Amino acid sequence: MKKVKIIVFAAIFILALMPRLALAKDTKLAVEIPAGQGLEIFEEKDFPEEVEHDSYSHPYRWNKLDGEKVQFKEIWGYLVTNRLKDFDKNAPLTDLALFGVDVDCYGKLETAPKRNLTAGFKGRVHLVAVCNSTSTTHFVLDPKYGLRGDLVKDLIFASREFDGLQIDYELVPQKDGENFLEFLRQLKRKLGEKPLTVCVPARVKSFATDVYDYKKIAAVADKVMIMAYDEHWSTSVPGSVASINWCKKIVDYALGVLPADKYIIGVPFYGRSWIDRSLAQAWYFNGANRIMHENNVKQLKRKDGVPHFEYEAKAKVTLWFDDATSLLQRARMYKNYGFDSIAFWRLGMEDAAFWSWIEPLESSNEKP
């Protein structure tokens, strides 16, 4: 047993002396980076000139923009009703998606926003309808509850001043797939010539129980809007909201189902941050006592007899986001794949420098 311990300690000692480069090499072999997904590291010296912009709270030096502008037939922007001031009137949009109108707990349509909230915009304006509850979504879609017909009528009435209606029901239960399709059919029949667009989650492959079957939805809707974002989310490992390689997989799958002109491809303006440790939790006494000693806490406070203390802890924050450079790269990629309609979630979150690099195919974005 003594000999085994000596061998173990010797192994640990050798590992401790290994050069960091060798360890890094072994790590790289264990997590091989896919081709085209290598990490580029930039320093301030690589971008020495800070750029001011009307929308920037601070100068930004990290954009590298060159080449030609990218053109799309349709350029959509999502505008949230309680953030109307975020709308850049100079943004080269052909379509505004006004977000939105929800369903209350009784299955009734809430008060819908009015078209005049976007007064001055000369392009098309679409009303976006959402249902942010799985149970409510089932409640209104299943015909046995008798609410679907009234909801269809209310949505048609709410969208009467708009140029189109978009359905963004992201919580459709699996058993309600056919009910959802029938809901869309009823809406389209009553909308007539007005376009019906439907938001669907990003997919890289098909599966039999998918309630957001692209082909089935496209058979009803005028266009399908792919929400090509949330590759990483708040509780996942850190990473891009929509990496280029992941987006290419989405496109490869989508184009295997339907032609590009049947889609609107969604692009995120937002980023996300992650912290490498969570310090907010419930504590038992021995744990709290240990933390006090480990952090050399010198002061204990009591309020109404209950103790509490404070200490500082370091944490590493990782933040992934998009700037004009990455947005332009993604837009050009979609253009090269043949997409002629692109949509941005949401207005007010963007690097406004991007707007100078995208434009409609037509010289005017006025409603036809």
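This is a guided tour of a predicted model, moving from the whole chain to its barrel, its core and a few backbone details.

**The whole chain**

Start with everything displayed as a cartoon. You should find 9 helices and 14 strands in the chain. Of its 368 residues, 43% count as buried. If you switch on a surface, the chain exposes about 22200 Å², and carbon and sulfur atoms supply 54% of that area. Among contacts with a separation of 6 or more, 74% are between residues 24 or more positions apart.

**The barrel**

Next, select strands E2, E3, E4, E5, E6, E7, E8 and E13. In that order they form a closed barrel of 8 strands, with parallel pairing. On average, neighbouring strands of this sheet are turned by 25° against each other, direction ignored.

**Strands E3 and E4**

Now select residues 124–130, which make up strand E4. E4 pairs with E3 in the parallel sense, over 6 bridges. For two landmarks along this pairing, look at Leu98, which stands opposite Leu127 in E4, and at Phe99, which stands opposite Val128 in E4.

How many residues of E4 are buried? The count is 7 of the 7, so the strand is largely enclosed by the rest of the structure. Show the side chains to see both faces covered: Arg124, His126, Val128 and Val130 lie on one side, with Val125, Leu127 and Ala129 on the other.

**On to strand E5**

Add residues 164–168, strand E5, where 5 of the 5 residues are buried. Here too both faces are covered, with Gly164, Gln166 and Asp168 on one side and Leu165 and Ile167 on the other. E4 and E5 run parallel and are joined by 5 bridges. Two places to zoom in on are His126, opposite Gly164 in E5, and Leu127, whose bridge partner in E5 is Leu165.

Stay on Leu165 and look across to strand E6, where Leu196 stands opposite. E5 and E6 (residues 196–201) run parallel, joined by 3 bridges. To follow the chain from E5 to E6, trace it through helix H5 (residues 177–191); this β-α-β crossover is right-handed.

**The nonpolar core**

Which residues of the largest nonpolar core touch the most other members? Select Leu155, Ile167, Tyr169, Phe180 and Phe183, out of 97 residues in that core. In soluble globular proteins, nonpolar side chains tend to be buried together.

Center the view on Ile167, one of the buried residues of E5. Leaving out residues up to four places away in sequence, Ile167 touches Ala129, Leu155, Phe180, Phe183, Leu184, Leu187, Leu196, Thr197, Val198 and Cys199. Ala129 in this list is one of the buried residues of E4, and Leu196 is the residue opposite Leu165 in E6.

**A stop at Phe87**

Move to the loop between strand E2 (74–80) and strand E3 (95–101), and pick out Phe87. Is Phe87 buried or exposed? With a relative accessible area of 10%, Phe87 is buried, because buried means under 20%. Beyond its neighbours within four places in sequence, Phe87 is in contact with Leu79, Leu93, Leu96, Phe121 and Leu347. Then draw a distance from the C-alpha atom of Phe87 to that of Arg346: 9.6 Å separates them, although the two residues are 259 apart along the chain.

**Backbone details**

Most residues other than glycine have a negative phi, and most peptide bonds are trans. The last four stops depart from those patterns.

- Arg346, in the loop between strand E13 (341–345) and strand E14 (358–360), is joined to Trp345 by a cis peptide bond with omega about -15°.
- Gly100 lies in strand E3, and the peptide bond from Phe99 to Gly100 is cis, with omega near -5°.
- Asp230 sits in the loop between strand E7 (223–227) and helix H7 (244–255). Its phi is positive, near 70°, and Asp230 is partly exposed, with a relative accessible area of 35%.
- Asn296 is in the loop between helix H8 (285–294) and strand E10 (301–303), and has a positive phi of about 50°.

Terms used: Residues numbered from 1 in each chain as written. Predicted model: local features only at pLDDT ≥ 70, side-chain atom pairs only at ≥ 80, totals over all residues. Heavy atoms only, no water. Helix = DSSP H or I, 4+ residues; strand = E, 2+ residues; numbered from the N terminus. Buried < 20%, exposed > 50% of the residue type's maximum accessible area, 1.4 Å probe, protein only. Contact = heavy atoms within 4.5 Å. Areas by Shrake-Rupley, 256 points an atom, 1.4 Å probe, with all protein chains shown as cover. Pairing = 2+ DSSP bridges. Axes fitted to C-alpha atoms, helices over the stretch in contact; angles between N-to-C directions. Right-handed = clockwise from strand over helix to strand, strands pointing away. Core = buried A, V, L, I, M, F, W, Y, C linked by side-chain atoms within 4.5 Å.
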